[in-house]
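Me: I am new to this structure and would like to go through it slowly, one question at a time. Could we begin once it is in view?

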Amino acid sequence: MGQQRSGRDRERAYRTREFDAFVAGAAGRLLHTATLLTAETRARNPYAQGLLTAALAHTYAVWGRLRDEDPYDLTRRDLAARFARPAWRHHGGHGGVLSALTPQERLVVVLRLYEGVAEEQVAALLGLSESRVRAVCARSVTALRAAARRPPTGPAGPPDTGTTGAAA
């Protein structure tokens with residue numbers, strides 16, 4: 001009985017070390033992915049951190065059953081699914097680079113362009129056709145390019161020089 005327990009403890013410790021190594025290598029990129037999805041800023045991203053924590057918890061829960069499956073891909077899919085569920089109801093971004101896009105557009109752009117996921121996989125993950133994924137991606141990139149060309153908005157009128165226009 002004691003040998004069985006110590007064997008399970010060793011297996012659990014090994015699995016935990018393996019998972020910790022995965023998190024150490026992948027958490028930064030996954031957090032950046034989550035931050036892009038939520039359209040939060042790098043400095044302030046509590047929603048993205050919460051999504052990542054939940055996705056990593058799920059990955060840890062199934063870690064012992066992973067065989068040939070890529071844990072990064074599993075975590076990314078879970079992250080995308082967790083974002084997509086409530087995101088369709090909450091459209092507003094939080095000031096990040098992609099905040100001008102809808103949640104669906106952000107999800108497609110992040111998965112396709114940042115993560116490099118194939119159109120077929122994005123379509124399957126989101127339940128869309130491949131042509132729809134292509135169209136959403138193209139429209140989103142066009143919108144982002146247009147937003148980048150717009151001059152920043154500031155106070156109206158010329159800058160205040162502190163003079164009233166009369167000669168001093």
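Me: Leaving aside its neighbours within four places in sequence, which residues is L37 in contact with?
Reply: This is a predicted model, and the contacts of L37 are read from its coordinates. Once the neighbours within four places in sequence are left aside, the residues in contact with L37 are L79, F83, R106, L107 and V110.

Me: Which element gives the most to the largest nonpolar core?
Reply: The largest nonpolar core has 24 residues, and L37, L79, L107, V108, L111 and V122 are those with the most contacts inside it. Two or more residues come from each of α1 (2-38), α2 (46-62), α3 (71-87), α4, α5 and α6. The element that gives the most, with five residues, is α4.

Me: How many of the 12 residues of helix α4 are buried?
Reply: The buried residues of α4 are P103, Q104, E105, R106, L107, V108, V109, V110 and L111. Helix α4 (residues 103-114) is therefore largely enclosed by the rest of the structure, and the number of its 12 residues that are buried is nine.

Me: Are α5 and α6 roughly parallel or roughly perpendicular to each other?
Reply: Helix α5 (residues 119-126) and helix α6 (residues 130-149) pack with their axes 8 Å apart and at an angle of about 100°. An angle of 65 to 115 degrees counts as roughly perpendicular, and α5 and α6 are therefore roughly perpendicular.

Me: Over which residues is the pLDDT below 50?
Reply: The mean pLDDT of the protein chain is 82, and 80% of its residues reach 70 or more. One stretch has zero contacts in the model beyond near neighbours in sequence, and its pLDDT is below 50: residues 154-168.

How values were computed: Residues are numbered from 1 along each chain as its sequence is written. This is a predicted model: local features need pLDDT of at least 70, side-chain atom pairs count only at pLDDT 80 or more; totals for chains, interfaces and linings use all residues. Side-chain values use heavy atoms; hydrogens and water are left out. Axes are lines fitted to C-alpha atoms, for helices over the stretch in contact, and angles run from 0 to 180 degrees between N-to-C directions. Helices (H or I, at least four residues) and strands (E, at least two) are DSSP runs, numbered from the N terminus. Angles under 35 degrees count as roughly parallel, over 145 as roughly antiparallel, 65 to 115 as roughly perpendicular and the rest as oblique. Buried means under 20% relative accessible area, exposed over 50%, partly exposed in between (1.4 Å probe, protein chains only). pLDDT is the predictor's confidence in each residue, from 0 to 100. Contact means heavy atoms within 4.5 Å. A nonpolar core is a set of buried Ala, Val, Leu, Ile, Met, Phe, Trp, Tyr and Cys residues joined through side-chain atoms within 4.5 Å.
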